Amino acid sequence: MLNNIGPAGLLLIAVVVLVLFGRGKIAGLMGEVGKGITAFKKGVKDSTEEIEEQTETADGAAARDVTPAEAERRDNA
């Protein structure tokens, strides 16, 4: 059903929404959506930085490599 909506259908939907809500209300809503997206991105960035900071300071050292040595891998095979 949604596959049949073309450019004319989208234009009609946009006009109906504009008539129902008015230009000012839509502009305000888009402004709030933009603020929400900005806050979300800031939250993701802050939490990523916090996680990186915690992993660097854990036990006073950065993460260490625990991959088995080459000889040990051959013995297990």
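## Overall fold

The protein has 3 helices and 0 strands, and this is a predicted model. Reading from the N terminus, the elements go α-α-α.

There's no buried core to speak of here: buried residues account for 0% of the 77 residues. The accessible surface adds up to about 7,300 Å², with 62% of that belonging to carbon and sulfur atoms.

## The annotated span and its nonpolar patch

An unreviewed UniProt entry annotates residues 6–22 as "transmembrane region". In the model, that span is 88% helix and 0% strand, and its end C-alpha atoms sit 23 Å apart.

Now for the surface. Ile-5, Leu-10, Leu-12, Ile-13, Val-16, Val-17, Leu-20 and Phe-21 make a nonpolar patch of about 750 Å². Take Phe-21 from that group: this residue belongs to helix H1, which covers residues 7–21. Phe-21 counts as partly exposed because its relative accessibility is 49%, and the exposed class starts over 50%.

## The negative patch

Glutamates take over in another patch: Glu-49, Glu-50, Glu-52, Glu-53 and Glu-56 form a negative one on the surface. One of them, Glu-52, is found in helix H2, running over residues 23–57.

How does Glu-52 fare for exposure? With 44% relative accessibility, Glu-52 is classed as partly exposed, so this glutamate falls between the buried limit of 20% and the exposed limit of 50%.

Notes:
Residues numbered from 1 in each chain as written. Predicted model: local features only at pLDDT ≥ 70, side-chain atom pairs only at ≥ 80, totals over all residues. Heavy atoms only, no water. UniProt positions renumbered as here; feature names shortened; annotations may be inferred. Helix = DSSP H or I, 4+ residues; strand = E, 2+ residues; numbered from the N terminus. Patch = residues over 30% accessible without salt bridge, like charges linked within 9 Å, V, L, I, M, F, W, Y side chains within 5 Å. Areas by Shrake-Rupley, 256 points an atom, 1.4 Å probe, with all protein chains shown as cover. Salt bridge = Lys/Arg side-chain N within 4 Å of Asp/Glu carboxyl O. Buried < 20%, exposed > 50% of the residue type's maximum accessible area, 1.4 Å probe, protein only. Lys, Arg positive; Asp, Glu negative; His and termini not counted. Charge placed at Lys NZ, Arg CZ, Asp CG, Glu CD.
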